[in-house]
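Here are some exercises to work through with the model open in your viewer. Try each task yourself, then follow the solution step by step.

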Amino acid sequence: MNTPLRLRLAGFLLLLAPTTLATTPLYAQDYPPDLARGKAVYARDCQSCHGDKGHGDGPAAASLKVSPADFHRIRSFLKSDEELLRTIEHGVVFSPMHSWRGQLTDGEMQDVLAHIRLLSQQGP
Ligand code: HEC
């Protein structure tokens with residue numbers, strides 16, 4: 001009596017597993033983002049190229065062959081969080097934008113993205 005019930009339960013869980021996997025977002029968000037941490041990460045790792053307000057005009061930008069992204073531009077603004085996170089995580093080939101995987105945790109990448117989104121919504 002016990003065994004079939006357990007088996008039925010196991011079967012049910014097996015059925016459930018793929019659905020849960022499919023609905024879990026690629027980057028599970030730690031809501032709410034820690035904006036203070038995002039700002040600190042940005043100031044430390046990103047501002048030199050992307051600029052304090054995110055216009056891609058940081059002090060290091062002038063010496064780069066590829067200009068850092070201006071997060072206020074519609075091209076960046078319209079990209080999804082996943083798209084921008086992927087860039088932060090993996091970098092852009094043949095560009096000074098390298099991968100931050102290994103240097104930043106998933107949480108830090110999400111927080112810094114939240115800071116970028118905030119910058120891009122603020123005026124010039
Ligand atoms: C050495 C300079 C440099 C640093 C430091 C840097 N970036 Fe970048 N970043 C770039 C450049 C250059 C590009 C544009 C690449 C391209 O378009 O080919 C870019 C692009 C991006 C994009 C893609 C924007 C879009 O519209 O697709 C994101 C997001 C981004 N950077 C986030 C960050 C974050 C977050 C940090 C800090 C953790 C950071 N970057 C640090 C140079 C830098």
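A pocket is defined on a 1 Å grid over the protein atoms alone: it is an open set of points where a 1.4 Å probe fits, with protein on both sides within 12 Å along at least five of seven lines, and its lining residues have an atom within 4 Å of a point. This is a predicted model, in which local features need pLDDT of at least 70, side-chain atom pairs count only at pLDDT 80 or more, and totals for chains, interfaces and linings use all residues. Residues are numbered from 1 along each chain as its sequence is written, and side-chain values use heavy atoms, with hydrogens and water left out.

**Exercise 1. Describe the fold.**

Task: find how many helices and strands the protein chain has.

Solution. Start with the assignment rule: helices (H or I, at least four residues) and strands (E, at least two) are DSSP runs, numbered from the N terminus. Counting gives six helices and zero strands. Along the sequence, the pattern therefore reads α-α-α-α-α-α. Next, turn to accessibility, where buried means under 20% relative accessible area, exposed over 50%, and partly exposed in between (1.4 Å probe, protein chains only). Of the 124 residues of the protein chain, 28% count as buried.

**Exercise 2. Explore the largest pocket.**

Task: work out which residues lie nearest the centre of the largest pocket and which element gives the most to its lining.

Solution. Begin with the lining, which is made up of 27 residues; His50, Ala69, Thr87, Val92 and Met97 lie nearest the centre. Two or more lining residues come from each of helix H2 (35–45), helix H3 (47–50), helix H4 (74–77), helix H5 (81–90) and helix H6 (106–121). H5 gives the most, with four residues. Now sort the lining by chemistry: Ala, Val, Leu, Ile, Met, Phe, Trp, Tyr, Cys and Pro count as nonpolar, Asp, Glu, Lys and Arg as charged, and the others, Gly among them, as polar. That split gives 17 nonpolar, six polar and four charged residues.

**Exercise 3. Look around the ligand.**

Task: identify which residues come nearest the ligand, and find polar side-chain atoms beside it.

Solution. Count a residue as near if one of its heavy atoms lies within 4 Å of the ligand. There are 23 residues around the ligand, and Cys46, Cys49, His50, Ser76 and Met97 come nearest. Next, check the distances: a polar side-chain atom of His50 is 2.8 Å from a ligand nitrogen atom. A polar side-chain atom of Ser76 lies 2.4 Å from an oxygen atom of the ligand, and an N or O atom in the Lys79 side chain is 2.7 Å from a ligand oxygen atom. Finally, compare the two cysteines: Cys46 counts as buried because its relative accessibility is 13%, while Cys49, at 21%, is partly exposed.

**Exercise 4. Follow two acidic residues.**

Task: say whether Glu89 is buried or exposed, then locate Asp34.

Solution. Glu89 lies in helix H5, and its relative accessible area of 9% makes Glu89 buried. The side chains of Glu89 and Arg101 are joined by a polar contact (a pair of N or O atoms within 3.5 Å; within protein, one must be able to donate a hydrogen and the other to accept it, and residues adjacent in sequence count only if both atoms are side-chain atoms) of 2.6 Å. Asp34 sits in the loop between helix H1 (2–23) and H2, and is partly exposed at 38% relative accessibility. A polar atom of the Asp34 side chain lies 3.1 Å from the backbone nitrogen of Arg37.

Definitions and conventions:
A residue is near a molecule or strand if one of its heavy atoms lies within 4 Å of it.
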